[in-house]
Structures are given as C-alpha cells and as structure tokens.
Amino acid sequence: MSLGNPMSVALVLTALLIFGIPAGGQLRPLGWWPTLTLSMLAGSAYKAAGGPFQFIPDLIGSGIGTVSRVLPGVTMTALALSLAIFILFKKLTTKQVGYLGIVFWYVAAGAGGSWSYLSDAIANLGANLA
C-alpha cells in the first residue's frame, strides 16, 4: 500500500493532526512532541506537494513578506529561531503547536543550513513514497 505522492502524505498528516489532537475518540489525543513532529512533517509534505496545496506555502510566504517589509533586514534564520523559541517556551495548546509547527518548518527550510537539509530530505522521502 502506498500513499502515492507528497500531496497524499500532506492530506493524511493534516487529517491526523485535525482528528488526533482533540480528545474523545478511541485513541488518546496526540501529545505535544508528537504534534510538533507531525506538523513539521506535514509542512515538508505541503512544500513538496505544490499544486492545490500550494496555498499553504503561499500564505506563509506572504506573512514572511509582510514581516520583512515591517522589519527590513530580518533574515529567515532569525525568523526561524524566533519561532522555535516561541514554540518551545510559550505555553501552547497542542492545536497551536500543530499550526505553528507547519509554519516553523516552512520558515526553517527557507533559512538554509541544517534545517534546509533536513527539510529537503523529508521532502525527497515524501516524493519517493510513490
């Protein structure tokens, strides 16, 4: 059985986040770290998927563009580190961690360096699941 492509992986991971975070089903809700990990994988899948799912990177990219216009000279690395600090130190619900994890991964991948290598590897893995 194969998911087929990054778009399918993005859809499945998003469904897992949407339905796995709140309590009430047969399984326990996702915890903080699993939610963060799954959201970062989902962010990479969205980046690799393109097509109809391109609206997620476009939305995040327009937010980054707004920050760069308001605070000229702020780099993607600074934004990624600021998001990481916010996620790790601010008391957030798992739903907030899920949303911010997707945004963080997109920003971190654009920052280059080791985060970019890891994001590219996850995107390649998602592309090769076909």
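# Notebook: pockets and helix packing

**Entry 1. Second largest pocket.** I began with the second largest pocket, whose volume comes out at about 170 Å³. The model is a predicted one, and I read every value below as computed from it. I listed the lining: Leu 59, Ile 60, Gly 63, Ile 64, Val 67, Leu 79, Leu 83, Val 103 and Val 107. Then I asked which helices each supply at least two residues of this lining. They are α3, α4 (76-89) and α5. The largest share belongs to α3, with 5 residues. By class I noted 8 nonpolar residues, 1 polar and no charged.

**Entry 2. Largest pocket.** I next looked up the largest pocket and noted a volume of about 330 Å³. Its lining has 14 residues, and the closest to the centre are Thr 14, Leu 17, Ile 18, Tyr 99 and Ile 102. At least two lining residues come from each of α1, α3 (55-70) and α5. Which helix gives the most to this lining? I found that α5 does, with 5 residues. The classes here are 11 nonpolar, 2 polar and 1 charged.

**Entry 3. α4 against α5.** Helix α5 supplies residues to the lining of the largest pocket and to that of the second largest, and I went on to its packing. I recorded an angle of about 150 degrees between α4 and α5, with the axes 8 Å apart. An angle over 145 degrees counts as roughly antiparallel, so α4 and α5 are roughly antiparallel to each other. The crossing is left-handed. On the α4 side I wrote down Met 76, Thr 77, Leu 79, Ala 80, Leu 83, Ala 84, Phe 86 and Ile 87. They meet Leu 100, Gly 101, Val 103, Phe 104, Val 107, Ala 108, Gly 110 and Ala 111 in α5. This contact divides into 13 nonpolar and 3 polar residues, with no charged ones. I checked the names against Entry 1: Leu 79, Leu 83, Val 103 and Val 107 are in this contact and also line the second largest pocket.

**Entry 4. α2 against α5.** I then took α2 with helix α5 (residues 94-111), which pack at about 45 degrees with their axes 7 Å apart. That angle makes α2 oblique to α5. I noted a right-handed crossing for this pair. From α2 the contact uses Trp 32, Thr 35, Leu 36, Ser 39, Met 40, Ala 42, Gly 43, Ser 44, Tyr 46 and Lys 47. From α5 it uses Thr 94, Val 97, Gly 98, Gly 101, Ile 102, Phe 104, Trp 105 and Ala 109. I counted these by class as 10 nonpolar, 7 polar and 1 charged. Ile 102 belongs to this contact and is also listed among the residues closest to the centre of the largest pocket.

**Entry 5. α1 against α2.** Last I looked up helix α1 (residues 6-20) and helix α2 (residues 32-49). How are their axes placed? They come within 8 Å and cross at roughly 150 degrees. This makes α1 roughly antiparallel to α2. The crossing is left-handed. In α1 the residues in contact are Pro 6, Met 7, Val 9, Ala 10, Leu 13, Thr 14, Leu 16 and Leu 17. Their partners in α2 are Thr 35, Leu 38, Ser 39, Leu 41, Ala 42, Ala 45, Tyr 46, Ala 48 and Ala 49. I noted 14 nonpolar residues, 3 polar and no charged in this contact. Thr 14 and Leu 17 take part here and are also named for the centre of the largest pocket.

Conventions:
Residues numbered from 1 in each chain as written. Predicted model: local features only at pLDDT ≥ 70, side-chain atom pairs only at ≥ 80, totals over all residues. Heavy atoms only, no water. Axes fitted to C-alpha atoms, helices over the stretch in contact; angles between N-to-C directions. Helix = DSSP H or I, 4+ residues; strand = E, 2+ residues; numbered from the N terminus. Parallel < 35°, antiparallel > 145°, perpendicular 65-115°, else oblique. Left-handed = near helix turned anticlockwise from the far one by under 90°. Contact = heavy atoms within 4.5 Å. Nonpolar A, V, L, I, M, F, W, Y, C, P; charged D, E, K, R; others polar. 1 Å grid on protein atoms, 1.4 Å probe; cavity = no way out; pocket = protein on both sides within 12 Å on 5 of 7 lines; lining within 4 Å. Points joined across faces, edges and corners; volume = space filled by probe spheres on them.
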